[in-house]
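Please work through the exercises below with the sequence and the model side by side, and try each task before reading its solution.

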Amino acid sequence: MPGARFTDIRRFDTIDSTNRYLLDQARAGAPDGVVAVADHQSAGRGRLGRRWEAPAGANLLVSVLLRPELPAPLRHLAPAVVALAAAEAAETVAGLVLGIKWPNDLLGSDGRKVAGVLAEGDLAGGEGGPGSAAGGRPAVVVGIGINVNWPAEDGDLPDDLVGTATSLRQEAGHPVDRWEVLDALLTALEPRLSDLGTVPGRARQAEDLRRRCTTLGTPVRVQLADSGFEGIAVDVTAEGHLVVDTGGEFRTVLAGDVVHVRRST
Ligand code: BTN
């Protein structure tokens, strides 16, 4: 069982969305560290308003309510450490070395997606986020969907996901216990979250992100809300930002500003 932070783990057979649930809990003043995990979500949320679907009981669908000790411009580090903890869990439980597509998608050996992270709540603003008056520091709900046992093979996937999604099971070549993955994830997350409270700790986490980041060295197209540009991703800064060499200049990209980063060739 993971340490002191994650003692309140709420398990659901079916729920609309574990992120929605914890955002409501945060607004009502729930403290840092509450975890919600579901066998099935009827309205699982993905990034950019997409749905996140998985067959009941196959994958890990989990959210954590965090009130991190982070200045507002650095709150994107909360989802980053969840992605890092998930990568560590995949290594502990299944011996897999996963990459991270900046800022926080987990990828298998051939670049197919194993897990996605969705952070919601008070990511950008100062005070006044979900339950900040009732619950202390502003809340960030970080949800992660890890493809643990689905897809078991490429043939399981709907047409739009063929060639883009894989699972721990496919990568490892055998079924993987999702509760072991959850336990390892929460165990790995605890010290990473503690690191976020100090400048050297944040630099350590950013360095871990840099080491896992498969985006580095690749040509990318960065899509911002109202513009975009292309270049080569060359570094991750000590604050977790991506540096892109556009040929003429080095541009620093903030996770909170980006719509998506795609390979450009
Ligand atoms: C993505 O689009 O890559 C992010 C997907 C995040 C899915 C997870 S599953 C648990 C949590 N609850 C949700 O409704 N979404 C996140």
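The exercises that follow concern a predicted model and go from its sheet to the helices.

**Exercise 1. In what order do the strands of the open sheet lie, and which are the edge strands?**

Solution. Begin by tracing the neighbours across the open sheet of 7 strands, which gives the order β1-β2-β3-β7-β6-β5-β4, with mixed pairing. Next, look for strands that pair on one side only: these are β1, residues 9-15, and β4, residues 99-101. Finally, follow the twist, which averages 20° from one strand to the next.

**Exercise 2. In which sense do β5 and β6 pair, and which residue of β6 stands opposite L107?**

Solution. Take β5 as residues 105-107 and β6 as residues 113-121; the two pair in the antiparallel sense, over 2 bridges. Within this pairing, the residue that stands opposite L107 is K113.

**Exercise 3. Which strands do helices α2 and α5 touch as they pack on the sheet?**

Solution. Start with α2 (residues 77-94), which touches β3, β4, β5, β6 and β7, and whose direction makes about 30° with that of β7. Then turn to α5 (residues 178-195), which is in contact with β1, β2, β3 and β7, its direction making about 25° with that of β3.

**Exercise 4. Which residues of α1 are buried, and what covers them?**

Solution. In α1, residues 18-27, the buried residues are T18, N19, Y21, L22, L23 and A26, and their cover includes β1, β2, β3, β6 and β7. At the start of this helix, a side-chain oxygen of S17 comes to within 3.2 Å of the backbone nitrogen of N19. After the helix comes G29, with a positive phi near 100°.

Key:
Residues numbered from 1 in each chain as written. Predicted model: local features only at pLDDT ≥ 70, side-chain atom pairs only at ≥ 80, totals over all residues. Heavy atoms only, no water. Pairing = 2+ DSSP bridges. Helix = DSSP H or I, 4+ residues; strand = E, 2+ residues; numbered from the N terminus. Axes fitted to C-alpha atoms, helices over the stretch in contact; angles between N-to-C directions. Contact = heavy atoms within 4.5 Å. Buried < 20%, exposed > 50% of the residue type's maximum accessible area, 1.4 Å probe, protein only. Polar contact = N/O pair within 3.5 Å; in protein donor to acceptor, adjacent residues only side chain to side chain.
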